[in-house]
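I opened the notebook to look up how the parts of this model meet. Interfaces come before anything else today.

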Amino acid sequence: MEGDVAEKPDGVAFLLLLPTLILLLALFVGPVLYAFYLGLTNIALMGPTARHFHFTGMFNLHRLVRDSLFWESLKLTAIFVAASAIVGVTVVGMALAVLIQHAVAWLRAVVGAIVVVAWMLPPLTAALIWYAFSTTGGTLSLLGGSQLDVLNTFPMFVVCLANIWATAGFSMLVLSAGLRSVPTEVLEAGRMEGASRWRVFCSLTLPIIQPTIVTNILLVTLLSLANFSLIYIMTGGGPGNATNILPIYSYQQALVFGKLGYGALLGDVVVIIATIFAYLYVRVSRITRMAAA
Amino acid sequence: MTQSIATYSPSAGAQPRADAVPEEASSAAERRESLIVNGLLALLGILFLAPLLWIFFASVDVNASWALSWPRFTLAHFREVTRGDFLVSLVNTLLLSLVASAVSTVAAILGGYALSRRRVPLADGLMVTILFLTGIPLAIMIVPVFQVYAQFNLLNLWATGVFLGVCSLPFALWLIKTGMDAVPKELEEAARMEQASVLQIILYVTVPVALPSIFAALIYSFINAWGAFLPPLVLISDQSQITGPIKIYGLIGSSDVRYGDIAAFSLIYSLPVVILYILMSRPFSGGFSMGGAVKG
């Protein structure tokens, strides 16, 4: 029975997979590939080249390398991802995970719930909450006593804080799972040797959960790279171009300035960056799964 | 994720961490340590709570503004945002999310079954590709999808729902395939003896047993579509079809900002996500659940 199902490649399996394949090709893989083609055309949102666009070869690419706003945007993307995702979210997530492990029960229940709620709120709600918190007349500006516009004065800093606030819960859950898997005997042995808690954490706990930390950083990076809504709703990429990360610049060029082709090309750059991180993630999770087996 | 444990202690992992420390007269140093730990955690908790408080206070405050202040109580905001276009936009969000979760779950049940039970050429490569797709940022597909939808006159709620369903499909497929892998094959063999068709087996044998993972995939897709901002913003052209987040976004930018209404409506809009998340974390007591994180 098992045999005849497992032996030959069967049509039934193909039929069952067909909806998935059609959907993914038509609306996922297809659009990504199409974006690479559109990125090399002169297609516009309106006007004569909206319908009759054509391949323009390297034209957009030349424009890209000479576009100082693109390089600025790439730098801002790197700053946003590095500061908020790689450093901020991971460090805050780790601090929460460690503290929650050792705190009294009621406190960890309450704080855990707050942090997880912050994480699962829809992007719009998180952005709105942080907009209210940091704009003129908001809570932060009144705390300063004056009508200081915190969001406009330190835009990148505030959107990084917002991203940390909205993502640390995810990091905390991932790292908590990692910490729980650290055998207590090892840590106790370390303590017996007279090492301080900090020493034990740095030289025993961290190396043991290193794979979890790497996975966490890659996932949080991907989450932040895709985080268009948070910044777009809070600042729209401004003031000026102070928070104009690549996903927003791409959207602007394509759907505000109507240069669909150039916008698609900017999006392709994000896809390439995300691809590298996604590839690393697949590699890492495969290695750890094989090692676990 | 935890491969290095085995080399340290083979018995680790399963046993609970709280070894009921009956240590000799826990010293003052230890008490100070616990004070620091609890103090730091409480501080972090307050920092996380501070921005959040505004939405609760402003939603019931007659004089709501962007700033956090003690409310002069009213329910007028909630009455205002549970009728008219507010209600319409919530219904639109619901329809969008239902379409998205139906598309992704139905496709993922069929595809997940094939990948879990049938011989599929390159199945491993396919799974890795699917895992990989979950990492592609959505915002980037907007330009090509907009271009295609505009050409075929598909800039509406339903087609956007299908697109959002496909966006969740890779992870839904991953969840359901993994869930079905855990269903014993013997269950299906009995059904096969009775000459049941493949669809009958999936529907009456596999699906009921793999229900927790299917449920998780359904909720995941639903929450994703419910929270989506950019796709409905760009891909829905008809004003009567706009969804909750787009409605709120419009209100923030309007000349006469109605702070209380915005807060109240955002609360109502966010509530289903919180409820669904709690429901989803129930069947899984693993790392990704709130229970798991809180219990330590």
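**Entry 1: chain A against chain B.** I counted contacts first: 112 residues of chain A touch 100 residues of chain B. This is a predicted model, so I keep its confidence limits in mind. Next I looked up the buried area. Chain A and chain B bury about 9500 Å² between them, and carbon and sulfur atoms give 78% of that. I then asked which three residues supply the most on the chain A side. They are A:Leu16, A:Leu27 and A:Phe28, with 7% of the area that chain A buries against chain B.

**Entry 2: polar links between the chains.** I found 1 salt bridge between chain A and chain B. It joins the side chains of A:Arg197 and B:Glu33, at 2.5 Å from N to O. I also noted 6 residue pairs in polar contact, both residues at pLDDT 80 or more. Helix α15 of chain A (residues 260-292) brings 17 residues to the side that touches chain B, the largest share. By class, I read that side as 81 nonpolar, 19 polar and 12 charged residues.

**Entry 3: inside chain B.** I looked up the domain assignment: domain 1 spans 27-74 and domain 2 spans 78-295. Their C-alpha centres lie 32 Å apart. The contact takes 9 residues from domain 1 and 10 from domain 2. The two domains bury about 770 Å², 83% of it on carbon and sulfur atoms. B:Ile55, B:Ser59 and B:Trp66 supply 61% of what domain 1 buries there, more than any other three residues.

**Entry 4: polar links between the domains.** I got 0 salt bridges. I also got 0 residue pairs in polar contact, with both at pLDDT 80 or more. The domain 1 side has 7 nonpolar, 2 polar and no charged residues.

Terms used:
Residues are numbered from 1 along each chain as its sequence is written. Chains are lettered from A and ligands numbered from 1 in the order in which they are written. This is a predicted model: local features need pLDDT of at least 70, side-chain atom pairs count only at pLDDT 80 or more; totals for chains, interfaces and linings use all residues. Side-chain values use heavy atoms; hydrogens and water are left out. Domain bounds come from an automatic or database domain assignment. Contact means heavy atoms within 4.5 Å. Buried area is the accessible area (1.4 Å probe) that two parts lose on being put together, summed over both. A salt bridge is a side-chain nitrogen of Lys or Arg within 4 Å of a carboxyl oxygen of Asp or Glu. A polar contact is a pair of N or O atoms within 3.5 Å; within protein, one must be able to donate a hydrogen and the other to accept it, and residues adjacent in sequence count only if both atoms are side-chain atoms. Ala, Val, Leu, Ile, Met, Phe, Trp, Tyr, Cys and Pro count as nonpolar, Asp, Glu, Lys and Arg as charged, and the others, Gly among them, as polar. Helices (H or I, at least four residues) and strands (E, at least two) are DSSP runs, numbered from the N terminus.
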